[in-house]
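Please open the structure in your viewer and keep the selection tool at hand. The tour below moves from one selection to the next and says what to look for at each stop.

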Amino acid sequence: MCGIVGYVGGRPCRDLLVAGLEKLEYRGYDSAGISLLTDGHVETVRAVGNLSNLRAAIGLDADTPVSAEGGVAVATPPATIGLGHTRWATHGRVTEENAHPHGDCTGHIHIVLNGIVENHTELRRELSESGHAFSSETDAEIVAHMIEKHYDGDLTEAVRNAFAELRGHYAFVAMHADHPDVLVAARQECPLIVGVGEGETFVASAIPAFLAETRDVLGLKNGEIVTVTPEGARIVEVDGTPVEREIEEVTWDEEAAEKGGYSTFMLKEIHEQPDAVAETITDRIPDADSVDLSELEISQEFLNDLRRIVIVACGTSYHAGLVGRYAIEQWARVPVEMDIASEYRYRDPVVGTNDLVVGITQSGETADTLAAMRLARERGAKVMALTNVMGSQATRDADTVLYTRAGLEMGVAATKTFTAQTAAMYLLGIWLAQSRDAWPPEKIAEVIAELKGIPSKIGTTLASVEERVRAIARSHAEARFFLYLGRNIGLPVCLEGALKMKEISYIPTDAYAAGEMKHGPIALLDESTPVVCVATDSPILEKVLSNIAEVRARGADVIAIATEGNTQVAEVADQTLYVPKTDWVLQPILAVLPLQLLAYHVARLNNLNVDQPRNLAKTVTVE
Ligand code: F6R
């Protein structure tokens, strides 16, 4: 979840760029940099770590008020055009060389990029063969060289031609030393917004980066290229067709801007899920038929001798682990045991050298999960942390780390971190299956193709269900109890839906394996009980349908989550919410979305603060 800010205009822009980057810090990053153009030269300063390191590198320490001039790395007279970037490492380690901006061979072209260029390996090879030299390990640097390859005096044309050869999801901004009043930017699946001021123009990955300077914005769509000058912006499609776009005025205040125009962080983060999942999976699927988790540095010998996987986690992270268990057992045929971290650590568990213990913790700081991981490590197990936070304690306590890349989550209720964790567990399952030859390659290729399509299906689901979920929430906002029922991969979705509902709406909930209902919970049902059933396509859908019929027979109101195209579920449920078709093991990552929204809208209808529910903290560090 990187951040972009660019400026062209009449004011010295170094401090505007740094201030813009500060507004994008919430997205999370591990390095940062700026490039400034003056007198036909581009100067670049990059630093690993947070923005105070960048400020120090450009001669602004954190305690010094930002001034318009000065700074050791700043050319004189002050630059009035430049680029800034915060990077969250995907391709290449966290180093100064890999931080953006990146340049071409001549040093004239500089770019900043968010997202991932999927065909970077083949482009790097082609460019190397024609003599281009690279100074970083990143996919982003390729783009600077691609623009160089196509450059013939016209920066927009060079960007347009380079853009046409890229694949993936990304947004970038380019600057050329010979064009001191032009930035050219392009967007494919990653956000990019132009801010139009008086004699100056900004381009950024999110509005907060320039909201203090202008409220007039132009949004870009996929496949569009924009040429930005102090006078404004000109948009074309990739084939060169001009695009007319009206300037819109942003009416949000600063606080709303941080929420991206959404009324709460939680809703914003729900809508960030396509991005969070795409960032987590894309570069780990380098080609159509394999997953690459070589970053884990787990030997083939260990994988051959692997006896079982133990997953330890708390709360929502535990639920992501449960989904992972189904995936790993289904695809890789490795037995998986699940444990609540606070139970595991006090249980004197049997664990040893041929076990892989996976601690899932978005914060990387949850005391019980850390203790469980440490205990397993002391007993000789290999310990992997699955976390969202670089440098967190979990990363130091583990033998190996798999990062989710969901960006900073401000809402206390975990949403985008859950889907990112689930996606990471899918990657782990596929990688284990292929490394242990546990599953036919053609089946692996099929599920990989489905997994790659998940980010866009998350976007489609959110857009298609929200209105209906809101209506359902209205009819049940005063319910005194919600029951959630599911089987197999539907069960963790229910557990997660029920947790979301109780933590933000304070309405009691229970989540049960649907087959267990007749052993007790059926006594809870009456006409006032909303029952949420996860009934997406799977080999046990028939069984779930029978459970729904049992619930309906007690007069309860069934809200079902079904797969598009299915007609049986709607025949037995009162209300049916559809999610797109995909491989049945992947359905949880889509099925959870309506349940997040349901909890959200029920809580909002009850005027509750969803970002800060009572008695809860984002990180639980007490034992
Ligand atoms: C629920 C929620 C919590 C966390 C749990 C573990 O919305 O956020 O249940 O999932 O406290 O936190 P991490 O993943 O940081 O270890």
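Begin at G131, the residue that follows helix α3 in this predicted model, and check its backbone torsions, where phi is positive, near 100°.

From there, step back along the chain and select α3 itself, residues 120–129, colouring H120, L123 and L127, which are the buried residues of this helix. If you turn the view until you look down the axis of α3, these buried residues fall within an arc of 65°, so they line one face of the helix. The spacing fits a general rule: an α-helix has 3.6 residues a turn, so residues three or four places apart point the same way. Now add β6 (109–117) and α4 (140–150) to the display, since both are included in what covers the buried residues of α3.

Next, move to the ligand and show the 14 residues that surround it, the closest being S317, T361, S363, T366 and E503. By class, this shell holds five nonpolar, seven polar and two charged residues.

Which backbone atoms should be selected around the ligand's oxygen atoms? A polar backbone atom of Q362 is 2.8 Å from a ligand oxygen, a backbone N or O atom of T316 lies 3.1 Å from an oxygen atom of the ligand, and for V412 the distance between a polar backbone atom and a ligand oxygen is 3.4 Å. On its own the ligand has 410 Å² of accessible area, of which the protein covers 89%. To finish, select α10 (315–332) and α16 (490–505), the elements that give two or more residues to the shell around the ligand.

Terms used. Residues are numbered from 1 along each chain as its sequence is written. This is a predicted model: local features need pLDDT of at least 70, side-chain atom pairs count only at pLDDT 80 or more; totals for chains, interfaces and linings use all residues. Side-chain values use heavy atoms; hydrogens and water are left out. Buried means under 20% relative accessible area, exposed over 50%, partly exposed in between (1.4 Å probe, protein chains only). Helices (H or I, at least four residues) and strands (E, at least two) are DSSP runs, numbered from the N terminus. The arc is that of the directions from the helix axis to the C-beta atoms. Contact means heavy atoms within 4.5 Å. A residue is near a molecule or strand if one of its heavy atoms lies within 4 Å of it. A polar contact is a pair of N or O atoms within 3.5 Å; within protein, one must be able to donate a hydrogen and the other to accept it, and residues adjacent in sequence count only if both atoms are side-chain atoms. Accessible areas come from the Shrake-Rupley method with a 1.4 Å probe; for residues, only the protein chains shown count as cover. Ala, Val, Leu, Ile, Met, Phe, Trp, Tyr, Cys and Pro count as nonpolar, Asp, Glu, Lys and Arg as charged, and the others, Gly among them, as polar.
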